[in-house]
Every structure is written in structure tokens, then in C-alpha cells.
Amino acid sequence: MIQERTLPDFNATTAKINKEEGLRVYEDMVLGRFFEDKCAEMYYRGKMFGFVHLYNGQEAVSSGVIQAMRPGEDFVSSTYRDHVHALSAGVPAKEVMAELFGKATGCSKGRGGSMHMFSAEHGLLGGYAFVAEGIPVASGAAFQTKYRREVLGDENADQVTACFFGDGACNNGQFYETLNMAALWKLPIIFVVENNKWAIGMSHERATSQPEIYKKASVFGMPGVEVDGMDVLAVRSAAQEAVSRARSGEGPTLIEALTYRFRGHSLADPDEMRSKEEKEFWFSRDPIKKFAAYLIEQNLASQEELKGIERKIQATVDEAVKFAESSPEPDASELHRFIFAEDE
Ligand SMILES: Cc1ncc(C[n+]2csc(CCOP(=O)(O)OP(=O)(O)O)c2C)c(N)n1
Ligand SMILES: [Mg+2]
């Protein structure tokens, strides 16, 4: 039998979500899943190049955290597994798909590709290909918010930054150095570790001396929370608390979401390291199926309503592909653009 870490208890009935928000969160999760499935299809058809890392299975983390923030106003930083964080942050699916296709209409103007989604308009600070690279960048964004508010007296500077990274990133020095500064300066940031048990083919237990990552927060005097990352309401409730702490000047929180990726590390990974037994354990905890069952059980939605959302999202994703396919490639004359800042 595989040894799985005991997931923290969470009483879903105490989580408050109304119909409108419940459907919004469900739609966001379905968008993440359908988008990634379409992305795999397009990758295997040769429509995109380079490494592509999908987010299937982890949707409750992106939707639970970002939908508890103010998408578009707050900041989000991601890793190379960034498509779904971009979608939750409000970047239109067609711009994310066009970026994957390397088109000029992509959110990074076709220059970034899968691992470098960016949108100033949506507060998306970027996907980052180096492990842990986004942690100091996100903290810089949180620092400027605090600086504008406290030093420059800008009362509108109350943005919160959510910084997403994996279990593997927590063995990197930038994690420790930045958590220290963030706690010291009480920065308005939430560090969200998506512990999916693996860093490519390296199992988390083999790579780290203390596998319970949330406990690492305590050495910085920072709250550390462990949450079932397959339960969107549990993630959302932990995020709401962390957001309100950050917004009210009480400083950062480390949230460790226990989750699992349903596909290989990237679309080039044959996924032979993980046991069938382990995969089945986690497939049975599919966060989207779990939340759909909850919405129906609580009379927040009917099967028909959920099906309607799925149809609408499928159409959005299909549209995104059409948009990406029919968009132009960046013009060769613009090869040197977007390297240095330009005058307005
Ligand atoms: C600094 C650095 N070292 C190594 C790599 C190669 N690499 C790419 S992804 C990865 C695993 C990271 O795993 P984790 O942080 O758990 O994220 P996950 O892929 O599970 O989402 C590694 C080692 C890299 N991109 N950057
Ligand atoms: Mg991992």
C-alpha cells in the first residue's frame, strides 16, 4: 500500500459559498481543465514548440486562491506550469492559446510561449522557467505595494500578491531567503506551495529533510497552513484568511496545498516514475468532480446548469484555438522590440 500523507480535515459545510460564487469558481476550474486538454491535443498536432507543462489535477489551487483575491487588481506570479494561473487571473483564453502558438496576439506577444505568460493588465507577473525564480520577483511586487502605501502615502496601494511554486522549489535557497525578508518586512504576499509530491521524477520525500513544507514557515515567525489541495473550498477558505491578513498589513502566509498532477511533468514526459496505485489514489480525488458533487448536494446548482457551463467553456476553448490559428506571427521587423523599455 502507498503511504499517503493524511489530508487535513476540512468541514465543507462550514465553508460559505453562495450560488453565484460557486458557479464562478466551478467555471474557472472547468476552464483550466478544458484548456489544458485542448492544449495537449494541439501540442501533439505540432502547433506549439518547446516544453509544455500542464496543470490537470491542480485546478482547486489556482481557482481557490485567485478567486479569493481581486483578479486583475492583485498580483499573481507563477512557474512554467502557468497557463491556468493566467486564466484564473483573467487573461482571456484566446490570448493564452495564441501565446502557446507563438502568435503576435498572445499575452506575451508570442515572445514567451508556454512558460512565460505575462499580462500587466491582469497583474500577472509572469511564468518563470527557473525553479523558485518567481519567489523573489513576487516579493518585489509585494514590496512596492507596501512602499507606495506607507512611504508614498498612496491609500489605493492595498494589492495582495499570490506567489505559486512547487514542492521542488522549496529546496532552493531563494525560498528561504525571500521568506525571511517577506516576514521581516510584513509584505502583503501569500506563498502558495503546490505540493504535487514530485519534482519531475524526484519524489518529494526523497528530496527534502522535512516533507511537511507548511512547518517551514514557523522558523520565520510566519503562519503556515496545510490544506487539501483537491478541495477548492478548503483552499479558498485558507486563501481568504491569508488575503485578509496580507491586506490588513499583518504580513505573509505560507499555504501548502497537497495536490497531484494528473499528467506527466511535461508533455514530453512518458510518466513512468509514478506508480499506478498512487495515480489511482489521486485520480479518485478529482477536484472538479468533487466540487460538482458538492454544488449539487448543497442545491447550489443542477446537473443541467453545470452541463451548460461546460458547454460554454468548451466553446470558449474552441474559439481560442481558432483565434490562435488565424492570428499572425510576430513580424520579423519587430525582432528587437520588447527587449528594452520603449517610450510611450
Ligand atoms: C533552478 C532550476 N533548476 C532545475 C531546473 C529543472 N527543473 C525544471 S522543473 C523541475 C522540477 C520542479 O518541481 P516542482 O517545484 O515540484 O514543480 P512541479 O513541476 O511539480 O509543478 C526541475 C528540477 C530548473 N528549471 N530550474
Ligand atoms: Mg512538484
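**Exercise 1. Ile 200**

Task: In this predicted model, decide whether Ile 200 is buried or exposed, and describe its backbone.

Solution.
- Step 1. Take the relative accessibility of Ile 200: 54%.
- Step 2. Apply the cut-off: exposed means over 50%. Ile 200 therefore counts as exposed.
- Step 3. Place the residue. Ile 200 is in the loop between β5 (198-199) and β6 (202-203).
- Step 4. Check the backbone. Phi of Ile 200 is positive, about 50°, although the residue is not a glycine.

**Exercise 2. Asp 271**

Task: Find where Asp 271 lies, and say whether it is buried or exposed.

Solution.
- Step 1. Locate Asp 271. Its loop runs between β8 (253-258) and α9 (276-283).
- Step 2. Read the phi angle. Asp 271 has a positive value of about 55°, and it is not a glycine.
- Step 3. Classify the residue. Buried means under 20% relative accessible area. Asp 271 is at 15%, so it counts as buried.

**Exercise 3. Gln 3**

Task: State how far apart Gln 3 and Glu 21 are, in sequence and in space.

Solution.
- Step 1. Place Gln 3 in the segment before α1 (19-44).
- Step 2. Take the accessibility. Gln 3 counts as exposed, at 72%.
- Step 3. Give the separation. Gln 3 and Glu 21 are 18 residues apart in sequence. From C-alpha to C-alpha, they are 35 Å apart in space.

**Exercise 4. Helix α2**

Task: Work out how many residues of helix α2 (residues 59-66) are buried.

Solution.
- Step 1. Go through the helix. The buried residues of α2 are Glu 59, Ala 60, Val 61, Ser 62, Ser 63, Gly 64, Val 65 and Ile 66.
- Step 2. Count. Eight of the eight residues are buried.
- Step 3. Conclude. Helix α2 is largely enclosed by the rest of the structure, because eight of its eight residues are buried.

**Exercise 5. Two loop residues with hydroxyl side chains**Task: Compile the surroundings of Ser 119 and Thr 79.

Solution.
- Step 1. Place Ser 119 in the loop between α4 (93-100) and β2 (124-126). Ser 119 is buried, at a relative accessible area of 7%.
- Step 2. Look for polar partners. The side chains of Ser 119 and His 122 are joined by a polar contact of 2.7 Å.
- Step 3. Leave out residues up to four places away in sequence. Ser 119 then touches Val 91 and Leu 124.
- Step 4. Turn to Thr 79, in the loop between β1 (75-77) and α3 (83-88). Thr 79 is buried, with a relative accessible area of 16%.
- Step 5. Follow the side chain of Thr 79. At 2.9 Å, it reaches the backbone nitrogen of Arg 81.
- Step 6. Apply the sequence filter of up to four places again. Thr 79 touches Met 115, Gly 127, Tyr 128, Phe 164 and Phe 165.

**Exercise 6. Aromatic pairs**

Task: Determine how the rings of Phe 165 and Phe 175 are arranged.

Solution.
- Step 1. Start from the total: the structure holds nine aromatic pairs.
- Step 2. Read the geometry. The rings of Phe 165 and Phe 175 are 5.7 Å apart, centre to centre, with 65° between the planes. Planes over 60 degrees apart count as edge-to-face, and this pair is edge-to-face.
- Step 3. Map the pair onto the chain. Phe 165 is in strand β3 (residues 161-166), and Phe 175 is in helix α6 (residues 173-184). They are ten residues apart, and the pair links distant parts of the chain.
- Step 4. Check burial. Phe 165 is buried at 4% relative accessible area. Phe 175 is buried at 0%.
- Step 5. Extend from Phe 175. With Tyr 176, Phe 175 forms an edge-to-face pair: 4.9 Å centre to centre, 90° between the planes. Tyr 176 is partly exposed, at 29%.
- Step 6. Add the cluster. Ring pairs link Phe 143, Tyr 147 and Trp 185.
- Step 7. Add a charge over a ring. The charged end of Lys 94 sits over the ring of Phe 323, 4.8 Å from its centre.

**Exercise 7. Ligand 1**

Task: Identify which residues come nearest to ligand 1, and list polar distances to its oxygen atoms.

Solution.
- Step 1. Survey the site. There are 14 residues around ligand 1. Tyr 80, Arg 81, Gly 168, Asn 196 and Trp 198 come nearest.
- Step 2. Take Arg 81. One of its polar side-chain atoms lies 2.8 Å from an oxygen atom of ligand 1.
- Step 3. Take Gly 168. A polar backbone atom of Gly 168 is 2.8 Å from an oxygen atom of the ligand.
- Step 4. Take Asn 196. An N or O atom in its side chain is 2.9 Å from an oxygen atom of ligand 1.
- Step 5. Finish with the area. Ligand 1 taken alone exposes 580 Å², and the protein buries 70% of that.

How values were computed. Residues are numbered from 1 along each chain as its sequence is written. Chains are lettered from A and ligands numbered from 1 in the order in which they are written. This is a predicted model: local features need pLDDT of at least 70, side-chain atom pairs count only at pLDDT 80 or more; totals for chains, interfaces and linings use all residues. Side-chain values use heavy atoms; hydrogens and water are left out. Helices (H or I, at least four residues) and strands (E, at least two) are DSSP runs, numbered from the N terminus. Buried means under 20% relative accessible area, exposed over 50%, partly exposed in between (1.4 Å probe, protein chains only). A polar contact is a pair of N or O atoms within 3.5 Å; within protein, one must be able to donate a hydrogen and the other to accept it, and residues adjacent in sequence count only if both atoms are side-chain atoms. Contact means heavy atoms within 4.5 Å. Rings of Phe, Tyr and Trp (its six-membered ring) pair if their centres lie within 6.5 Å; planes under 30 degrees apart count as stacked, over 60 as edge-to-face and the rest as tilted. A charge sits over a ring if NZ of Lys or CZ of Arg is within 6 Å of the ring centre and within 35 degrees of the ring normal. A residue is near a molecule or strand if one of its heavy atoms lies within 4 Å of it. Accessible areas come from the Shrake-Rupley method with a 1.4 Å probe; for residues, only the protein chains shown count as cover.
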